[in-house]
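This report describes selected features of a single model. It begins with an aromatic residue and proceeds to helix packing, a loop residue and separations along the chain.

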Amino acid sequence: MRSLLGAYVLEALAPEEDRRVADHLAECGPCGAAYLEVADAPSSLALLDEDDLR
C-alpha cells in the first residue's frame with residue numbers, strides 16, 4: 001500500500017484503487033502515519049518554479 005501513497009496524494013490513481021487506498025489508510029495506523037508525511041507534497045511542489053528545479 002505504501003508504494004501507492006505518492007500517486008494517491010497526487011490523485012493519480014484510478015477511482016477503484018483510490019478507494020482501496022483510502023479504506024486501507026482508515027484502518028492501518030502505520031500507513032496512515034506514512035500518508036501524513038507525504039500529504040503536503042502537492043502543495044509544497046506548487047510553490048516551486050522552474051529555477052528551483054534546476
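In this predicted model, Tyr35 has a relative accessible area of 26% and is therefore partly exposed, as this value falls between the 20% and 50% limits. Its partner in an aromatic pair is Tyr8. Tyr8 has a relative accessible area of 17%, which means that Tyr8 is buried.

**The aromatic pair**

A search of the whole structure yields one aromatic pair. The rings of Tyr8 and Tyr35 are 5.7 Å apart from centre to centre, and their planes enclose 70°. The pair is edge-to-face because the angle between the planes is over 60 degrees. Distant parts of the chain are linked by this pair: Tyr8 belongs to helix α1 (residues 5–9) and Tyr35 to helix α3, with the two positions 27 residues apart in numbering.

**Packing of α2 and α3**

Two packed helices are described by the angle between their axes and by the distance between those axes. Helix α2 spans residues 15–27 and helix α3 spans residues 29–38; they pack at an angle of about 110°, and their axes are 6 Å apart. Helix α2 is therefore roughly perpendicular to α3, a class that covers angles of 65 to 115 degrees. The crossing of these two helices is left-handed. On the α2 side, the contact is formed by His24, Leu25 and Glu27, while α3 contributes Gly29, Cys31, Gly32 and Tyr35. Sorted by class, the contact comprises three nonpolar, three polar and one charged residues. Tyr35 thus appears both in this contact and in the aromatic pair with Tyr8.

**Glu11 and the loop between α1 and α2**

Glu11 lies in the loop that joins α1 and α2. The phi angle of Glu11 is near 55°, a positive value in a residue other than glycine. With a relative accessible area of 69%, Glu11 is exposed, because the value is over 50%.

**Separations along the chain**

Three pairs of residues are set out below by C-alpha separation.

| Residue pair | Distance along the chain | C-alpha separation |
|---|---|---|
| Ser43 and Leu10 | 33 residues | 9.8 Å |
| Glu11 and Pro42 | 31 residues | 9.7 Å |
| Glu17 and Arg54 | 37 residues | 33 Å |

Where is Ser43 placed? Ser43 is found in helix α4 (residues 41–45). Ser43 has a relative accessible area of 44% and is partly exposed. The C-alpha atom of Ser43 is separated by 9.8 Å from that of Leu10, and the C-alpha atom of the loop residue Glu11 is separated by 9.7 Å from that of Pro42.

Glu17 is located in helix α2. Its relative accessible area of 28% makes Glu17 partly exposed. The C-alpha atoms of Glu17 and Arg54 are separated by 33 Å.

How values were computed
Residues numbered from 1 in each chain as written. Predicted model: local features only at pLDDT ≥ 70, side-chain atom pairs only at ≥ 80, totals over all residues. Heavy atoms only, no water. Axes fitted to C-alpha atoms, helices over the stretch in contact; angles between N-to-C directions. Helix = DSSP H or I, 4+ residues; strand = E, 2+ residues; numbered from the N terminus. Parallel < 35°, antiparallel > 145°, perpendicular 65-115°, else oblique. Left-handed = near helix turned anticlockwise from the far one by under 90°. Contact = heavy atoms within 4.5 Å. Nonpolar A, V, L, I, M, F, W, Y, C, P; charged D, E, K, R; others polar. Phe/Tyr/Trp six-rings, centres within 6.5 Å; stacked < 30°, edge-to-face > 60°. Buried < 20%, exposed > 50% of the residue type's maximum accessible area, 1.4 Å probe, protein only.
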